[in-house]
Each structure stands twice: as structure tokens, then as C-alpha cells.
Amino acid sequence: MTETPADEYRQAAAELRDVAPLIDGPLAGLADPVADWLDQAAKHHEATVIGAASVWQRPDEAAYRDAFVTKHTDRAALAVARQVLGTTTGQPETEAHRPCTEWIAEVREDDGLWMYLGSDPDRTVAEKRCASMTRRHPDAPTRIVRKTTTYTVKQLADEAQQPTPAVAETAPIVAYRDPNNPRVLLCREHGEQWQGVVPVTSEDLPDGGICTFGRLSSLTCGRDVLIPAPAEETK
């Protein structure tokens, strides 16, 4: 049976309580509070596992479930537990997790750009989205794109001596898309005025995109959403 972090927390807590009477000096009285903390970490970890299992239930969602549990594991408590149990190696640890795969359904617009229809870990869901679009628009080409995300978790041997890691910058919003109408793509100026649209970044538009605001009127915007407007450049 695979040992879980919750098992390690409880084993370490039991060992601390066993040696508590033997500890004297400045550290006397610390074993029991630390053991209580490890017991709470075990309960929290088990609750996290149960919660993740209730959200990601399908076999093809196991990678999402595992990644969530790993992210919410108390690494400080785990380091203390392994130190108590004598199972720490003192070396940086690298733990790889199964990759997450999503299948993205897209439809090609008249201008040659591929527009997002939806995504799901189950390929059949993406196929159904493409089939639905084909029934409504037989001449509109569709495609399915596979997106794979891999995970590598690195634990620092001595985090106290490591420089504070830089905060990863998220890609700025460049446009807004209507999830119910893949033909609608709005620049920031026009998209921020509408409700029900979702923001997209340049990473979501590898082929670029043109603002479709006013396409059916004389007020067509036609702006390349990847080129900031003068007012946006100063933000």
C-alpha cells in the first residue's frame, strides 16, 4: 500500500509524543504542539483528497486531481514529518506528475483564423462540439487540437538560503471573446463594455485576431487586437 503524506504526518506525530517526556531544556514542551500540528495536517490532507476526488471523478481527470492535491499539500509539515522519521535525503527532490491533456474544438472563420469552440479532457466532448458546428454550418471547417500540460515539482534543499523567487507575470489581456459565438472577438476598448464575454491573451490567439465590433454596421472597428491602442500603451 502506498504511503500518503497523511500517513507520514501521523507516524511522525506518534514518534514525537513518544519522545516528548525525554526532551528537556529549551525544547521541552514543544513535541506535543508539533504533534498536534502534524495531526491537523493529516486531516487537512485527507479532506483535500476527498474534495478533489468529488470534483475530478473520471479516470481521464486523474492528472488534474493529483495536481490539485500536490499543490495543497503542506510542504512544511511534510518536511518536518520526514525529518522526524529520518526519511529525508537532504537533497532537492523532484516529483513528476502525469501530464494533463485537453482537447480543444475550433472552427475556421472566413478570414482564415481559427476560433475557439470549447475544450474538455474528454476528446469525445470536443468532437461533439465540432459535429454540432458542422450541422449548423456545413461549410465551416473544424479541427481538434490537443493541449498537454506537464508538471515538475522541485523542493529546495534549504529554502531559507534560497533567494525569493520572482513572481511569474501573467500574460496581459488583449481581447475578449463571446463563448456563445466564436465569430465575435472584441478588442479591449470594446470588449470591456460588454457583459458575458471572456478575456483572452496573446497566447490564446497564436494566429492573431481582428476586432469584429460593428461588423454589420458602418462603425466597424477592425483593429488588430495584438497591437495596443495608444491609450492602452500608457497603462
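Which residues of α5 are buried? Keep that in mind while we set up the view; we will come back to that helix shortly.

You are looking at a predicted model, in which local features need pLDDT of at least 70 and side-chain atom pairs count only at pLDDT 80 or more, while totals for chains, interfaces and linings use all residues. Residues are numbered from 1 along each chain as its sequence is written, and side-chain values use heavy atoms, with hydrogens and water left out.

**The whole chain**

Start with a cartoon view. The protein chain has 7 helices and 6 strands, taken as DSSP runs numbered from the N terminus (helices: H or I, at least four residues; strands: E, at least two). Follow the chain from the N terminus and you meet α-α-α-α-β-β-α-β-β-β-α-β-α. Of its 235 residues, 30% count as buried; buried means under 20% relative accessible area, exposed over 50%, and partly exposed in between (1.4 Å probe, protein chains only). A surface view would show about 15500 Å² exposed, with 54% supplied by carbon and sulfur atoms; the areas come from the Shrake-Rupley method with a 1.4 Å probe, and for residues only the protein chains shown count as cover.

**Helix α5**

Now select α5, residues 123–136. Its buried residues are Ala126, Cys130 and Met133. Viewed down the axis, these buried residues fall within an arc of 60°, so they line one face of the helix; the arc is that of the directions from the helix axis to the C-beta atoms. An α-helix has 3.6 residues a turn, so residues three or four places apart point the same way. Turn to the other side of α5 to find Lys128, Arg135 and Arg136 exposed.

**The cores**

Next, show side chains for Val107, Ala175, Leu185, Leu205 and Val225, which touch the most other members of the largest nonpolar core, a set of 18 residues. Such a core joins buried Ala, Val, Leu, Ile, Met, Phe, Trp, Tyr and Cys residues through side-chain atoms within 4.5 Å. Elements giving two or more residues to this core are β1 (93–108), β2 (114–120), α5 (123–136), β4 (173–177) and β5 (185–187). Apart from this core lies another, of 14 residues, including Ala35, Leu38, Ala41 and Leu78.

Centre on Leu205. Not counting residues up to four places away in sequence, Leu205 touches Val174, Arg177, Leu185, Val200, Val225 and Leu226, where contact means heavy atoms within 4.5 Å.

**Cysteines**

Select the cysteines. The structure holds 0 disulfides, a disulfide being a pair of cysteine sulfur atoms within 2.5 Å. Cys187 is in no disulfide, and the nearest cysteine sulfur, that of Cys211, is 3.7 Å away. At 1% relative accessibility, Cys187 counts as buried. Back in α5, Cys130 is buried too, with a relative accessible area of 7%.

**Two last stops**

Move to Val198, in strand β6 (residues 198–201). At 35% relative accessibility, Val198 counts as partly exposed. Leaving aside neighbours within four places in sequence, Val198 is in contact with Ala175, Tyr176, Arg177 and Pro179. Draw a C-alpha to C-alpha distance to Asp178 and you get 6.4 Å, for residues 20 apart in sequence.

Finish at Thr73, in the loop between α3 (62–71) and α4 (75–85). Is this loop residue buried or exposed? Thr73 is buried, with a relative accessible area of 8%. Beyond neighbours within four places in sequence, Thr73 is in contact with Pro5, Tyr9, His45 and Leu78.
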